[in-house]
Amino acid sequence: RESDDSLAWAECNNKHLQEQLEEQKQTFAKTKDDNVRNVEVEVAHKLERARATNERCSDILAKHLNAMEDKAAEEAAALQDLLEQVTAITVECESLQRDKAQW
């Protein structure tokens with residue numbers, strides 16, 4: 001009779017421990033799933049912020065590049081004007097030297 005009681009008690013405890021173990025497994029699985037979802041959301045937010053920052057930087061760089069290209073075009077035009085003036089002055093100087101040589 002005592003062994004039957006001990007066996008019944010052991011079986012009851014075993015069942016209780018199995019239930020607790022299953023409960024813990026489910027709790028840990030849910031916690032893990034929640035943690036994974038939280039990390040995924042956090043990573044998605046960080047990625048979106050990084051994309052937004054990258055886009056802003058790209059816009060700023062594009063504007064800066066356009067400004068530099070515009071300035072380079074203006075300077076090239078100014079240089080061309082100066083070259084034309086130098087050419088005109090050179091032609092005039094040559095003409096004056098010829099006139100001087102004739103006198």
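## Exercises on a one-helix chain

Leu-82 sits in helix α1, which covers residues 2-102. Helices here are DSSP runs of H or I with at least four residues, strands are runs of E with at least two, and both are numbered from the N terminus. The model is predicted, so local features need pLDDT of at least 70 and side-chain atom pairs pLDDT 80 or more, while totals for chains, interfaces and linings use all residues. Residue numbers start from 1 along each chain as its sequence is written, and side-chain values use heavy atoms, with hydrogens and water left out.

**Exercise 1. Describe the overall form of the protein chain.**

Step 1: Start with the secondary structure. The protein chain has one helix and zero strands.

Step 2: Look at the extent. The C-alpha trace spans about 150 × 20 × 5 Å along its principal axes.

Step 3: Compare with a globule. The radius of gyration is 44 Å, whereas a compact globule of 103 residues would have one near 13 Å. This radius is taken over C-alpha atoms, and the globule rule is 2.2 Å times the number of residues to the power 0.38.

Step 4: Check one pair of residues. Ala-44 and Asp-5 are 39 residues apart along the chain, and their C-alpha atoms are separated by 58 Å.

**Exercise 2. Work out how the chain's surface is made up.**

Step 1: Ask how much is buried. Of the 103 residues, 0% count as buried; buried means under 20% relative accessible area, exposed over 50%, and partly exposed in between (1.4 Å probe, protein chains only).

Step 2: Take the total. The accessible surface comes to about 9800 Å², and 57% of that belongs to carbon and sulfur atoms. Areas come from the Shrake-Rupley method with a 1.4 Å probe, and for residues only the protein chains shown count as cover.

Step 3: Find a nonpolar patch. Leu-79, Leu-82 and Leu-83 make one of about 280 Å². Patch residues have over 30% relative accessible area and no salt bridge; nonpolar side chains (Val, Leu, Ile, Met, Phe, Trp, Tyr) are joined within 5 Å, and like charges within 9 Å.

**Exercise 3. Trace the salt bridges around Asp-34.**

Step 1: Count the charges. There are 14 positive and 23 negative side chains, and the centres of the two sets lie 3 Å apart. Lys and Arg count as positive, Asp and Glu as negative, with His and the chain ends not counted; each charge is placed at NZ of Lys, CZ of Arg, CG of Asp or CD of Glu.

Step 2: Count the bridges. The structure holds five salt bridges, each a side-chain nitrogen of Lys or Arg within 4 Å of a carboxyl oxygen of Asp or Glu.

Step 3: Go to Asp-34, which is partly exposed at 24% relative accessible area. Its side chain meets that of Lys-30 at 2.9 Å, N to O, and that of Arg-37 at 2.4 Å, N to O.

Step 4: Place the partners on the helix. Lys-30 and Asp-34 are four residues apart in helix α1, about one turn. Asp-34 and Arg-37 are three residues apart, so about one helical turn separates them.

Step 5: Join the pieces. Lys-30, Asp-34 and Arg-37 are linked in a network of salt bridges. Within it, Lys-30 is exposed at 52% and Arg-37 is partly exposed at 45%.
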